[in-house]
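Dear colleague,

Please find below the sequence and structure that I am handing over to you. My notes on what was found follow directly after.

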Amino acid sequence: MLVSQGVDAALAGVFGLLIGSFLNVVIHRLPKMLERQWAAECASADGADAGAAAKDAEAFNLMVPHSRCPQCGHVIRWYENVPVLSYLFLRGRCSACKTPISLRYPVVELVTGALFAWCVWRMPGQFGSLAWCGFAAALLALALIDWDTTLLPDDITLPLLWAGLLAAIAGFTGVTLVNAVWGAVAGYGSLWAIYWLFKLTTGKEGMGYGDFKLFAAFGVWFGWQALVPIILMASVIGVIVGIALKLGKGLREGGYVPFGPFLAGAGFTAMIFGPDAILRVAGL
């Protein structure tokens, strides 16, 4: 039994490496796709050449154009795009111009592979483990997109929420449908209330609506009971990282740090160790 489970986990890890390679594309391109879409909508509203803007948006998606070196435009061949191995073979540099390739690419692939292997090893049932693999992949993409751009795209947060409801109905998450629905309500409503309280008090926006949707998705996947430990862990992670960035003078202009990556970190903690473990660590 353990041998079979180990083989399944190993295969899931390999599959996760491939998904991680795709996540790198999503993380890089999805925000740019949204920007082009918004530009086309603005051009249409302003009566400008909306056709050219829309055509430009259509020509750039997750499938086209082929991946290229941003420095020299070299088209990445298939054998230069094998997860992790190609990075090692190329010694972390473009084969054409020798420009360094970001270490993030193999790291995302390795992390995704490890998460997939863990989900299959620990989560009961074939379909249940696949559901949690999807959760992990979406959460990793959201964390890095938000860190790069301060965006949590509806294209990922909303499908994550609806997938959680379907997983609850199918019994993949161990959360009843009632608790999942109330989790969505409590997750969205609580951060929405905090947002408006902070804005009315200070005149500033402390977080975005994407954070509300992501927290609502956590309520669906873990149940409303898990929301307090998750937000507690996210806040602790945020404070630690914020202080480290301030001391290292790594804060962005205006001192703003997106909250989504810290929510994601708490979500991964809840997935791997359970929401109750967060409370135990906090001594509550």
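Arg91 is exposed, at 76% relative accessibility. In this predicted model, Arg91 sits in the loop between H3 and H4. Its phi is near 60 degrees, a positive value in a residue other than glycine.

Val84 also has a positive phi, of about 65 degrees, although it is not a glycine. Val84 belongs to the loop between H2 and H3. Its relative accessible area is 15%, and because the limit for a buried residue is under 20%, Val84 counts as buried. The loop between helix H2 (50-58) and helix H3 (85-89) also holds Pro65. The peptide bond that leads from Val64 to Pro65 is cis, and its omega is near -5 degrees.

Val84 appears again among the neighbours of Glu109. Leaving aside residues up to four places away in sequence, Glu109 touches Gly16, Leu17, Gly20, Ser21, Asn24, Pro83 and Val84. Glu109 is part of helix H4, which covers residues 104-122. Is this residue, Glu109, buried or exposed? Glu109 is buried, and it has no salt bridge. The nearest side chain of opposite charge is that of Arg104, 11 Å away. A salt bridge requires a side-chain nitrogen of Lys or Arg within 4 Å of a carboxyl oxygen of Asp or Glu, so the distance of 11 Å to Arg104 leaves Glu109 without one.

As you may have the cysteines in mind, I turn to them next. How many disulfides does a search of the whole structure find? The search finds zero. Cys119 is in no disulfide, and the nearest cysteine sulfur, that of Cys133, is 4.4 Å away. Because a disulfide is a pair of cysteine sulfur atoms within 2.5 Å, the 4.4 Å between the sulfurs of Cys119 and Cys133 does not qualify. Cys119 is buried, with 0% relative accessibility, whereas Cys42 is partly exposed, with a relative accessible area of 46%.

On the surface, there is a nonpolar patch of about 830 Å². The residues that make this patch are Leu166, Ile169, Leu177, Val178, Val181, Trp182, Val185 and Trp224. Two elements give two or more residues to the patch, namely helix H6 (154-170) and helix H7 (177-202). Which of the elements gives the most to the nonpolar patch? That element is H7, with five residues. Trp224, another member of the patch, is placed in the loop between helix H8 (209-222) and helix H9 (227-247). At 42% relative accessibility, Trp224 is partly exposed.

Finally, some values for the protein as a whole. The secondary structure consists of eleven helices and zero strands. The protein has 284 residues, and 41% of them count as buried. Among contacts with a separation of 6 or more, 68% are between residues 24 or more positions apart. The accessible surface comes to about 15,700 Å². Carbon and sulfur atoms account for 68% of that surface.

With kind regards

Note on methods: Residues numbered from 1 in each chain as written. Predicted model: local features only at pLDDT ≥ 70, side-chain atom pairs only at ≥ 80, totals over all residues. Heavy atoms only, no water. Helix = DSSP H or I, 4+ residues; strand = E, 2+ residues; numbered from the N terminus. Buried < 20%, exposed > 50% of the residue type's maximum accessible area, 1.4 Å probe, protein only. Lys, Arg positive; Asp, Glu negative; His and termini not counted. Contact = heavy atoms within 4.5 Å. Patch = residues over 30% accessible without salt bridge, like charges linked within 9 Å, V, L, I, M, F, W, Y side chains within 5 Å. Areas by Shrake-Rupley, 256 points an atom, 1.4 Å probe, with all protein chains shown as cover.
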